[in-house]
Amino acid sequence: MDILSDYVVGTNTIIPLKDGSIVKYINFDNAATTPPFKSVMLSLNFFAEYYSSIHRGEGYKSRVSSEIYESAREDVLNFVGSNGDNTVIFVKNTTEAINKLSFKLCNVYHNYAILTTQMEHHSNLLPWRFRFHVDTIKTDDCGRIDLDYLERKLKQYNGLVRLVAITYASNVTGYINPVHDIAEICHKYGAKIFVDCAQIVAHKKISMTQENENRNIDYLAFSAHKMYAPFGIGVLVGDKKTLNVGVPDIKGGGTVKVVADDFVMWEDLPHKEEGGTPNVMGVVALVSAINTLNHIGLDNIEKHESELLKYAAESLKKIEDIIFYCDGLENRVAIMPFNIDGINHNMVAKILSEEYGIGVRNGCFCAQPYVHKLLNLSNKDIKNIIKDPKIENRPGMVRISFGLYNTFEEIDRLAMALEEMSKK
Ligand SMILES: Cc1ncc(COP(=O)(O)O)c(C=O)c1O
């Protein structure tokens with residue numbers, strides 16, 4: 001499967017180390033952003049010949065650009081296994097999509113509650129917190145969602161919860177949530193489900209619609225920069241009826257049919273929700289990435305990445321003083337957080353970068369409540385962080401996250417580096 005690295009730009013980049021030597025860079029930070037597919041770069045170059053203003057131009061290039069942009073919605077709907085009741089709104093990224101959804105749902109679910117989980121990225125916590133009464137589903141001791149707890153909460157709220165906002169896969173532990181089982185529970189209690197697909201979209205096949213429609217996903221969002229198309233584009237997918245309620249959050253060019261001094265007639269969806277000049281280059285990149293992921297096959301990607309994860313777990317567990325935070329390797333995307341006892345997470349990441357040419361992420365990964373829980377921090381510890389939130393004193397972990405192009409040899413290099421570090 002090493003051949004998969006041929007699909008991606010930058011897998012042979014040589015970089016300098018602190019001692020002046022040079023090595024081939026290893027990127028183990030794919031949960032943050034993936035490098036582009038070669039096919040994506042080629043598509044952009046090809047399309048650049050036709051690139052022009054979209055929607056309001058009658059020139060040939062404008063018409064081509066508009067057609068490509070509009071037909072991309074169907075590509076996205078097919079990719080996420082959606083039906084015709086849904087629409088695709090193009091946004092900058094997952095964060096913008098969730099902010100938009102929370103703004104929209106405010107019109108529909110005013111005075112209702114939203115349930116989210118302790119496992120969420122801040123982007124799936126904060127937009128809800130400032131618009132709704134939000135309650136959190138706590139994770140169990142291993143950091144996984146407890147479905148009985150979720151059901152008990154929904155029962156307690158007695159119909160007041162209208163939405164459960166949950167991630168498909170955690171950006172800290174890689175745990176995959178059984179979103180269709182969760183959807184079934186939500187629907188039983190009259191709640192809809194929004195699924196944050198940022199960490200799943202490039203790693204496992206998604207299907208919003210299921211044979212049993214109670215198991216359908218109602219809304220989802222993802223960013224293209226985590227699926228080999230890093231050009232400022234993402235999507236929000238959801239039903240046309242709810243997303244059409246109320247005024248758009250971003251008002252301006254492209255969102256209106258008629259404007260007079262004292263009158264506005266809004267455009268129809270999805271244009272009403274895509275204020276400003278659309279990112280057509282981003283959409284071209286996104287469609288190209290979708291085509292390439294389909295061509296490789298998400299099942300093949302999932303298999304390769306889960307083998308990488310297993311191999312990493314086996315290799316890293318031999319390292320003295322390593323601390324793991326996850327339980328089991330099943331139902332996980334290829335993300336692994338750890339610490340080396342006695343060395344600050346920041347220092348581990350710095351040494352890996354400067355002395356070994358390996359890029360990883362460290363800190364709390366924009367999921368502080370979850371990382372605090374996994375680190376077993378007390379309320380007093382958290383209060384101390386609030387008193388002195390200097391970056392070097394903050395708690396955290398080191399995270400490696402694999403993409404389809406990573407190799408077993410790269411994991412060997414990481415294991416060797418960590419082994420040397422832990423012995424120093
Ligand atoms: C689970 C999850 N949700 C949301 C986001 C936010 O994505 P973006 O920064 O592209 O908006 C991320 C980013 O890391 C993530 O991992």
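Val 259 faces Val 264, a residue of strand 12, and this pair is a good place to start. Strand 11 (residues 256-260) and strand 12 (residues 263-266) run antiparallel and are joined by four bridges; strands count as paired here if DSSP finds at least two bridges between them. A hairpin of two residues links strand 11 to strand 12.

Before we go on, a word on the model itself. It is predicted, so local features need pLDDT of at least 70 and side-chain atom pairs count only at pLDDT 80 or more, while totals for chains, interfaces and linings use all residues. Residues are numbered from 1 along each chain as its sequence is written.

Now let us visit another sheet. It is open, has four strands in the order 13-14-17-16, and its pairing is antiparallel. Strand 13 (322-324) and strand 16 (361-363) form the edges, each pairing on one side only. On average, neighbouring strands of this sheet are turned by 35° against each other, direction ignored. Inside the sheet, strand 14 (residues 335-340) and strand 17 (residues 397-401) run antiparallel with four bridges between them, and Phe 338 has Val 398 of strand 17 as its bridge partner. Helix 9 (residues 298-316) packs on this sheet, touching strand 13, strand 14 and strand 17, and its direction makes about 15° with that of strand 14. For such contacts, the C-beta atoms of two residues, placed from the backbone, lie within 7 Å. Axes are lines fitted to C-alpha atoms, for helices over the stretch in contact, with angles from 0 to 180 degrees between N-to-C directions.

Which residues come nearest to the ligand? Of the 14 residues around the ligand, they are Asn 93, Thr 95, His 121, Asn 171 and Ser 223 (near means a C-beta atom, placed from the backbone, within 6 Å). The shell holds eleven polar residues, two nonpolar and one charged.

Stepping back, the protein chain has 13 helices and 17 strands, taken as DSSP runs numbered from the N terminus (helices H or I, at least four residues; strands E, at least two). Its radius of gyration is 22 Å, which agrees with the value near 22 Å for a compact globule of 424 residues; the radius is taken over C-alpha atoms, and the rule is 2.2 Å times the number of residues to the power 0.38. Buried residues make up 43% of the 424, buried meaning that 20 or more other C-beta atoms, placed from the backbone, lie within 10 Å of a residue's own.

Definitions and conventions. A residue is buried if 20 or more other C-beta atoms lie within 10 Å of its own, exposed if 12 or fewer, and partly exposed in between; C-beta atoms are placed from the backbone. Ala, Val, Leu, Ile, Met, Phe, Trp, Tyr, Cys and Pro count as nonpolar, Asp, Glu, Lys and Arg as charged, and the others, Gly among them, as polar.
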